[in-house]
Amino acid sequence: MGDLKRLLGESPPEWALLIIPLLAFMESCAVIGLFISGILLLSIATLLHSQNFADPQLIAGLAFFGAVLGDQTGFHVGRIYGTNIWNIRFFKRRSSSKEKFEKLMSKNAPWTIFIGRFIPAIRSITPILAGLAKISAKKFLAYDLVACSLWAIGLYLLIIGLGSFEILNFSNS
């Protein structure tokens, strides 16, 4: 703990809060999200809260903003580059599956977007798939706002719960 305290000083630098929306964005953004773990976001958010540097509501709000921005980016990547993606040789051979996929995705869009937000392995891919399936931007935004809101509430509760562990509170040690 002493090494971390020396690294951060008495309190984290002012720019530390910018890490929260950046991590949430990267975690949910197309392709990048496959390499950024949500545990990193949770760890930094809990650390900032346990050090009394930031209110968990502010942290959850910033994470919400980053997550929505990342999801919207992924959605529009799928929308804009969807034709190019379907033209990849692997997908061309399965062109009959395209219509089935689009129909299935449209039919199950609310659940796919909602569940995709809570499963780290597919979190960054779900918005791209929604864009590929040509779900309307308004529909995706509405479902995504609900999913990200509930995700941010869950993050808030985890920050509060984990931040209450005395071992994480080293500001007075």
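Colleague: How many aromatic pairs does a search of the whole structure find?
Modeller: This is a predicted model. Ring centres must lie within 6.5 Å to pair. Over the whole structure, the search gives 3 aromatic pairs.

Colleague: Phe 75 and Phe 140 form an aromatic pair; is it stacked or tilted?
Modeller: The two centres are 4.5 Å apart, and the planes of Phe 75 and Phe 140 differ by 5°. Planes under 30 degrees apart count as stacked. So the pair of Phe 75 and Phe 140 is stacked.

Colleague: How many residues apart in sequence are the parts that this pair ties together?
Modeller: Phe 75 belongs to helix α4, residues 56-86. Phe 140 belongs to helix α9, residues 137-163. The pair therefore links parts whose separation in sequence is 65 residues.

Colleague: Are Phe 75 and Phe 140 buried or exposed?
Modeller: Buried means under 20% relative accessible area. Both Phe 75 and Phe 140 are buried.

Colleague: What about the rings of Phe 114 and Phe 118: is that pair stacked or tilted?
Modeller: Their centres are 5.1 Å apart. The planes of Phe 114 and Phe 118 meet at 50°, so this pair is tilted.

Colleague: In which helix do Phe 114 and Phe 118 both lie?
Modeller: Phe 114 and Phe 118 are 4 residues apart, about one turn of the helix. That helix covers residues 109-118 and is α7.

Colleague: Which residue forms one aromatic cluster with Phe 114 and Phe 118?
Modeller: Phe 114 is partly exposed, at 25% relative accessible area. Phe 118 is also partly exposed, at 35%. The residue that joins Phe 114 and Phe 118 in one cluster is Trp 111.

Colleague: Over the ring of which residue does the charged end of Arg 117 sit?
Modeller: A charge over a ring has to be within 6 Å of the ring centre. The charged end of Arg 117 is 4.8 Å from the centre. The ring belongs to Trp 151.

Colleague: How much space lies in the largest cavity?
Modeller: The whole structure has 1 cavity of 30 Å³ or more. Its lining includes Asp 71, Arg 117, Phe 140 and Asp 144. The space in the largest cavity is about 60 Å³.

Colleague: How many charged residues are in the lining of the largest cavity?
Modeller: Helices α7, α8 and α9 each supply at least two lining residues. By class, 4 are nonpolar and 2 are polar. The charged residues number 4.

Colleague: How many disulfides does the count come to?
Modeller: Cys 29 is buried, at 5% relative accessibility. Cys 148 is buried too, at 0%. A disulfide needs two cysteine sulfur atoms within 2.5 Å. The count of disulfides is 0.

Technical notes:
Residues are numbered from 1 along each chain as its sequence is written. This is a predicted model: local features need pLDDT of at least 70, side-chain atom pairs count only at pLDDT 80 or more; totals for chains, interfaces and linings use all residues. Side-chain values use heavy atoms; hydrogens and water are left out. Buried means under 20% relative accessible area, exposed over 50%, partly exposed in between (1.4 Å probe, protein chains only). Rings of Phe, Tyr and Trp (its six-membered ring) pair if their centres lie within 6.5 Å; planes under 30 degrees apart count as stacked, over 60 as edge-to-face and the rest as tilted. A charge sits over a ring if NZ of Lys or CZ of Arg is within 6 Å of the ring centre and within 35 degrees of the ring normal. On a 1 Å grid over the protein atoms alone, a cavity is a set of points where a 1.4 Å probe fits but cannot get out, and a pocket is an open set with protein on both sides within 12 Å along at least five of seven lines; lining residues have an atom within 4 Å of a point. Grid points are joined across faces, edges and corners, and a volume is the space filled by probe spheres set on the points. Ala, Val, Leu, Ile, Met, Phe, Trp, Tyr, Cys and Pro count as nonpolar, Asp, Glu, Lys and Arg as charged, and the others, Gly among them, as polar.
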